[in-house]
Every structure is written in structure tokens, then in C-alpha cells.
Amino acid sequence: GFTVLAAGTSIPDAVSSVAVAKEGEGDMAVSSSIGSNIFDILVGLPIPWTIKIILALSDGQSTPYVVITSPFLFFYVVLLLLMVLLTVGSIHLLGWRLTWRLGAMMAGLYAIFLACALGTEFG
């Protein structure tokens, strides 16, 4: 359910990135896609955690915290950092130009990421 929701919220970002890329503003398209993810990480995660902790404190819990139960958290962080490095490396190899070859590389990297993530979860 959350995966479908996440994909649905990414569609406007993709549409806006395509629109500005067609206008020749490739740097703005890349900045938009990266910036929205940074916003999600720096705002979308801490706000719900903070609300949860405030509610726990108001209920009288002495040590409120958010428990992360994924046994694969370290793997996902390493995979995410590796994908960021491969993405920047791919853009660098193509001379910092957005081309169809870069698009194919990004699609390939996403397929690798999905295979690793799904293999880990359901493997």
C-alpha cells in the first residue's frame, strides 16, 4: 500500500522534471528530483517521529522513541549510497549531459535496485 502511495506522489515530480527538461533546463530537472527526495528524508521522516514522541510523552511514557524493526536497514542505507554514487558517476561519464544513454543507465540502475531490494525482502 505505501509503495503505491509513494509511486503516486512521485508522478508530479516526474512530470515537472520532464517539463523543465524539455525546455532545456536539465539541471533544474535533476535538482527537482534530488531535492524532493532530500525534502522527504529531512522533513517527511522527522515530523511523524516527532509527533509520535510528543504523543508518547503526553501519555506519560518515560523513554519514548521510535523503533525501527527492519533487519535490513543497514543493507538499504548502503544500497542507497551505492546507487547515489553510481548515479553521479553515470552523469559524470556522460559529460554532465542528459542523454538517452543516461536515461537507459538510470533505468538499469533502478532495475538493479529493485532486484536487490525485492530479493532481500522476499528472497
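Let me start with Trp96: at 56% relative accessibility, Trp96 counts as exposed, where exposed means over 50% relative accessible area, buried under 20%, and partly exposed in between, with a 1.4 Å probe and protein chains only. Trp96 lies in the loop between α4 and α5. Its phi is positive, about 60°, although Trp96 is not a glycine. Gly95, which follows α4, also has a positive phi, near 70°.

Some ground rules before I go on. This is a predicted model, in which local features need pLDDT of at least 70 and side-chain atom pairs count only at pLDDT 80 or more, while totals for chains, interfaces and linings use all residues. Residues are numbered from 1 along each chain as its sequence is written, and side-chain values use heavy atoms, with hydrogens and water left out.

On confidence: pLDDT is the predictor's confidence in each residue, from 0 to 100. The protein chain averages 84, and 98% of the residues score at least 70. Confidence is lowest in helix α1, residues 2–22, with a mean of 80. It is highest in helix α3, residues 46–58, at 89. The helix labels are DSSP runs numbered from the N terminus (helices are H or I with at least four residues, strands are E with at least two).

Now helix α4, residues 73–93. It has 21 residues and reaches 30 Å from its first C-alpha to its last, close to the 30 Å expected at 1.5 Å a residue. The expected span here is 1.5 Å times one less than the number of residues. Which residues of α4 are buried? They are Leu79, Met83, Ser90 and Ile91. Seen down the axis of α4, these buried residues fall within an arc of 100°, so they line one face of the helix. The arc is taken over the directions from the helix axis to the C-beta atoms. As background, an α-helix has 3.6 residues a turn, so residues three or four places apart point the same way. The face of α4 turned away from the buried side carries exposed residues, namely Phe74, Leu81 and Leu85. Leu82 is also in α4, and at 43% relative accessibility it counts as partly exposed. Leu82 and Pro71 are eleven residues apart along the chain, with their C-alpha atoms separated by 19 Å.

What covers the buried residues of α4? The cover includes α5, residues 100–122. Ser90 gives the detail: it sits in α4, and at 9% relative accessibility it counts as buried. Leaving aside neighbours within four places in sequence, Ser90 is in contact (heavy atoms within 4.5 Å) with Leu102, Met105, Met106 and Leu109.

From the side of α5, the buried residues are Leu102, Leu109 and Ala117, and what covers them includes α4. The span of α5 also agrees with expectation, because its 23 residues should cover 33 Å at 1.5 Å a residue and its end C-alpha atoms are 32 Å apart.

Back to α1, which holds Ser17. Is Ser17 buried or exposed? At 12% relative accessibility, Ser17 counts as buried. Not counting residues up to four places away in sequence, Ser17 touches Ala29, Ser32 and Ser33. Ile11 lies in α1 too, but at 52% relative accessibility Ile11 counts as exposed. The C-alpha atoms of Ile11 and Met105 are separated by 20 Å, with those positions 94 residues apart in chain numbering.

Next, the pocket. A pocket, on a 1 Å grid over the protein atoms alone, is an open set of points where a 1.4 Å probe fits, with protein on both sides within 12 Å along at least five of seven lines; lining residues have an atom within 4 Å of a point. About 3,100 Å³ of space lies in the largest pocket, the volume being the space filled by probe spheres set on points joined across faces, edges and corners. The lining has 48 residues, of which Ser10, Asn37, Leu80, Tyr110 and Phe113 lie nearest the centre. At least two lining residues come from each of α1, α2 (26–44), α4 and α5.

Last, Gln61, in the loop between α3 and α4. At 40% relative accessibility, Gln61 counts as partly exposed. Gln61 and Ile91 are 30 residues apart in sequence and 49 Å apart in space, C-alpha to C-alpha.
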